[in-house]
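The following exercises ask the reader to work from the coordinates to a description of the fold, each task being followed by a solution in steps. Please examine the sequence and the model before reading on.

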Amino acid sequence: MTALPAEAGAIASAGRTEFGTITIADGVVAKIAARAAAENPDAGAAAARLLGRAAPRAGRFGMRGTDLAGLPKTSVDVDGSRAFLTLEISVRWPAPVAEVTDQIRSHLRSRIPELTGLAVEEVHIVVADLVTDITPPPRVR
């Protein structure tokens, strides 16, 4: 068994490397960011918006609905080795909104570089809905 050089264990980062250019698509980073944001139990997918208003019961018509188990709407702009994130989430009531968004922002700033090698420059979070009518878990009989 031969030992690998110390550099071999390093994670390649996006951008120009000695092997060429590593490019990560915006959609891939958006999916990673959505999954990372969903790791917070007090945040989830927000209701779809229709004419500037939240449509919480839009799930009946096949549109995205408010769901703490769902992935938030996420868009990402990747510029070289930098990422700019925008998320639209719902927050569980009565969790403090500022605290939840700070936790998500901090988590994204650590997870995205860890998984992609991209530096997170900005994280914009829009809280579109507060989830108050949470269905209780089923009773065990």
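**Exercise 1. A salt bridge across the chain**

The side chains of which two residues meet in a salt bridge at 3.1 Å, N to O?

Solution. The model is a predicted one, in which local features need pLDDT of at least 70 and side-chain atom pairs count only at pLDDT 80 or more, whereas totals for chains, interfaces and linings use all residues. Residues are numbered from 1 along each chain as its sequence is written, and side-chain values use heavy atoms, with hydrogens and water left out.

Step 1. A salt bridge is defined as a side-chain nitrogen of Lys or Arg within 4 Å of a carboxyl oxygen of Asp or Glu. The pair sought is Asp 42 and Arg 92, whose side chains meet at 3.1 Å, N to O.

Step 2. Helices (H or I, at least four residues) and strands (E, at least two) are DSSP runs numbered from the N terminus. Because Asp 42 sits in the loop between H1 and E3 while Arg 92 belongs to strand E7, the pair ties together parts that are 50 residues apart in sequence.

Step 3. Burial is judged by relative accessible area, with buried meaning under 20%, exposed over 50%, and partly exposed in between (1.4 Å probe, protein chains only). Asp 42 is partly exposed at 23%, and Arg 92 is partly exposed at 27%.

**Exercise 2. The remaining charge pairs**

State how many salt bridges a search of the whole structure finds, and describe two further examples.

Solution. Step 1. The search finds four salt bridges.

Step 2. One of them joins the side chains of Arg 82 and Asp 79 at 2.9 Å, N to O; Arg 82 is partly exposed, with a relative accessible area of 34%, and Asp 79 is likewise classed as partly exposed, at 43%.

Step 3. Another joins Glu 114 to Arg 111 at 2.8 Å, N to O, and both of these residues lie in helix H2, three residues apart, which is about one turn of the helix. Glu 114 has a relative accessible area of 46% and is partly exposed, as is Arg 111 with 22%.

**Exercise 3. The order of elements and the geometry of H2**

Set out the secondary structure of the protein, and then test the length of H2 against its expected span.

Solution. Step 1. The protein has two helices and eight strands, which follow one another from the N terminus as β-β-α-β-β-β-β-β-α-β.

Step 2. The expected span of a helix is 1.5 Å times one less than its number of residues. For the 20 residues of H2 this should give 28 Å, and since its end C-alpha atoms are 28 Å apart, the two values agree.

Step 3. H2, covering residues 97-116, is followed by Gly 117, whose phi is positive, near 85 degrees.

**Exercise 4. What H2 packs against**

Which residues of H2 are buried, and what covers them?

Solution. Step 1. Val 100, Thr 101, Ile 104, Leu 108, Ile 112 and Thr 116 are buried in H2, and their cover includes H1, strand E3 (43-45), E7 and E8.

Step 2. A nonpolar core is a set of buried Ala, Val, Leu, Ile, Met, Phe, Trp, Tyr and Cys residues joined through side-chain atoms within 4.5 Å. The largest such core holds 22 residues, of which Leu 85, Leu 87, Ile 89, Ile 104, Leu 108 and Ile 112 touch the most other members. At least two residues of this core come from each of helix H1 (26-37), strand E7 (82-92), H2 and strand E8 (119-131).

Step 3. Contact means heavy atoms within 4.5 Å. Leaving aside residues up to four places away in sequence, Leu 108 touches Ala 33, Ala 36, Ala 37, Leu 85, Leu 87, Pro 113, Val 120 and Val 123.

Step 4. Arg 109, also in helix H2, is partly exposed, with a relative accessible area of 38%. With residues up to four places away again not counted, Arg 109 touches Val 120, Glu 121, Glu 122 and Val 123.

**Exercise 5. The loop before H2**

Where is Pro 94 found, and what is the form of the peptide bond that leads to Pro 94 from Trp 93?

Solution. Step 1. Pro 94 is found in the loop between E7 and H2.

Step 2. The peptide bond from Trp 93 to Pro 94 is cis, with omega near 10 degrees.
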